[in-house]
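This report describes the sheets, the helix packing and the ligand surroundings of one protein chain. The sequence and the structure are shown first.

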Amino acid sequence: MMDAISSSRSVKTQKSARQAAPAPTSFPLTPPRIRSAAGMAEIPVIDLRLAGSAAEESARLRAACERLGCFRVTGHGVPAGLLAEMKAAVRALFDLPDDAKRRNADVIPGSGYMAPSPTNPLYEAFGLLDAAAPADVDAFCALLDAPPHVRETIKTYAEKMHDVIVAVAGELASSLGLVAEEHSFQDWPCQFRINRYNYTHETVVGSSGVQIHTDSGFLTVLQEDERVGGLEVLDPATGEFVPVDPVAGSFLVNIGDVGTAWSNGRLHNVKHRVRCVAPVPRISIAMFLLAPKDDGVSAPEAFVDADHPRRYKAFTYGDYRKLRLSTGEHAGEALARMAA
Ligand SMILES: O=C(O)CCC(=O)C(=O)O
């Protein structure tokens, strides 16, 4: 299991990844055309360019992850054109015949193609593990016989999104008081999940796209469907799901179960779900930063003291993922089984 998710990408420091980020980009994307009927959640917006230099922005980042477990990130430096090209590339993949899609087999349980199922009949997804490893990205494209321009797009996108996710995780760790030497996310394996919601004109608005879940890994960066919403997050303050509609030029970031365990319970693993808000197909692309390269999850000593005793025993991400699958506990409940 550990071998299967180990990254072969060459090591770059987080500092160099951040320095390599392109200058601030403007995002001429059109605003979403189809919005949720109910009021939108107030999702904090964090500018990645400021989070490393402005204490106030860093404190807002920490507060968002502790309270809600999600925020929007801007200032990420991924060109709008690449985001659009990636959407076009994955649309082409979803047009492949079923037998071709199934060549995207699991590397670890649940990491490959997911066909529509009785639980999520309107949902299908491709999976790519390790999205941080160029060789694995190549292998994914080769299995699906992706044409050269699609391969190029997916490779460039994977590299840029990896830089973003490593930078976001680094700023989050810094916001919790860790110094650079105490954290490095560069080698942590990443998974892509490329989601399509097969809504048609017959789909009833309000139908479930994806059931309530938390993400199993450390954190997720989500490129939403720029046209149509449908994602809802559970606000712990009210216990109610609130819609999160897309905002052009930003990504949504979610904290997952590993994030909660690694932070000794400080970061909130946000429950979320997707519902149909309009009977048109919807596509989103999630990049999950899963867990440390050696697969072991435990809170750094800096997060443990007499007032904050260790809340979770050390576990491996591979075992935790299997536990979620075998128990069917997909909404963070399995974490309670890891209590120290
Ligand atoms: O499609 C979305 O907006 C959310 C996708 C999601 O929750 C996931 O991939 O885990």
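## Basis of the description

Two strands are taken to pair if DSSP finds at least two bridges between them. The model is a predicted one.

## The four-stranded sheet

In the hairpin partner S8, phenylalanine 241 is the residue that leucine 234 faces. The two strands concerned, S7 and S8, are antiparallel and are joined by four bridges. Their hairpin has four residues between the strands, and glycine 239 in this hairpin adopts a positive phi near 70°.

S7 and S8 belong to an open sheet of four strands, ordered S5-S10-S7-S8 and paired in the antiparallel sense. Strand S5 (208-213) and strand S8 (240-243) each have a single partner strand and stand at the edges, so one side of each has no neighbour in the sheet. From one strand to the next, the twist averages 25°. Strand S7 (residues 231-235) also runs antiparallel to S10, to which three bridges join it. Here leucine 231 lies opposite valine 274 of S10.

## The seven-stranded sheet

A further open sheet has seven strands in the order S1-S2-S9-S6-S11-S4-S3, and its pairing is mixed. Its edge strands, strand S1 (45-47) and strand S3 (123-129), pair on one side only. Neighbouring strands in this sheet are turned against each other by 25° on average, with direction ignored.

Within the sheet, strand S6 (residues 219-223) and strand S9 (residues 251-255) run antiparallel and are connected by four bridges. One residue of this pairing is threonine 220, whose bridge partner in S9 is asparagine 254. Helix H4 (residues 80-94) packs on the sheet, where it touches S3, S4, S6 and S11, and its direction makes about 105° with that of S11. H7 lies across strand S2 (70-74), S4, S6, S9 and S11, and runs at about 135° to S6.

## Helices packed against H7

Which residues of H6 meet H7? They are Pro134, Val137 and Cys141, which meet Val150, Arg151, Ile154, Lys155 and Ala158 in H7. By class, the residues of this contact are six nonpolar, no polar and two charged. The axes of helix H6 (residues 134-143) and helix H7 (residues 148-175) come within 10 Å and cross at roughly 150°. An angle over 145 degrees counts as roughly antiparallel, and H6 is therefore roughly antiparallel to H7. The crossing of these two helices, H6 and H7, is right-handed.

H4 also packs against H7: their axes come within 9 Å and cross at roughly 130°. The two helices, H4 and H7, are therefore oblique to each other, and H4 passes H7 in a left-handed crossing. On the H4 side the contact is made by Leu82, Glu85, Met86, Ala89 and Ala92, and on the H7 side by Val150, Thr153, Ile154, Thr156, Tyr157 and Lys160. These residues divide into seven nonpolar, two polar and two charged. Val150 and Ile154 of H7 are thus listed in the contact with H6 and in the contact with H4.

Helix H3 (residues 55-67) packs with H7 at an angle of about 95°, the axes being 9 Å apart. H3 and H7 are therefore roughly perpendicular to each other. In this contact Ser58, Ala59, Leu61, Arg62 and Cys65 of H3 meet Glu171, Leu172, Ser174 and Ser175 of H7. The contact comprises four nonpolar, three polar and two charged residues.

## Surroundings of the ligand

The residues around the ligand are Arg193, Asn195, Val210, Asp215, Leu222, Glu224, Leu231, His272, Val274, Ser284 and Ala286. Strand S4 (190-197), strand S10 (272-275) and strand S11 (282-289) are the elements that contribute two or more residues to this shell. By class, the shell has five nonpolar, three polar and three charged residues. Leu231 and Val274, both in the shell, are also the residues that stand opposite each other in the pairing of S7 with S10.

## Backbone exceptions

Most residues other than glycine have a negative phi, and most peptide bonds are trans. The peptide bond from leucine 129 to aspartate 130, in contrast, is cis, with omega near 10°. Aspartate 130 is in the loop between S3 and H6.

Asparagine 264, a residue other than glycine, has a positive phi near 60°. This asparagine, asparagine 264, is placed in the loop between helix H8 (257-262) and S10.

Key. Residues numbered from 1 in each chain as written. Predicted model: local features only at pLDDT ≥ 70, side-chain atom pairs only at ≥ 80, totals over all residues. Near = placed C-beta within 6 Å. Nonpolar A, V, L, I, M, F, W, Y, C, P; charged D, E, K, R; others polar. Axes fitted to C-alpha atoms, helices over the stretch in contact; angles between N-to-C directions. Parallel < 35°, antiparallel > 145°, perpendicular 65-115°, else oblique. Left-handed = near helix turned anticlockwise from the far one by under 90°. Contact = placed C-beta atoms within 7 Å.
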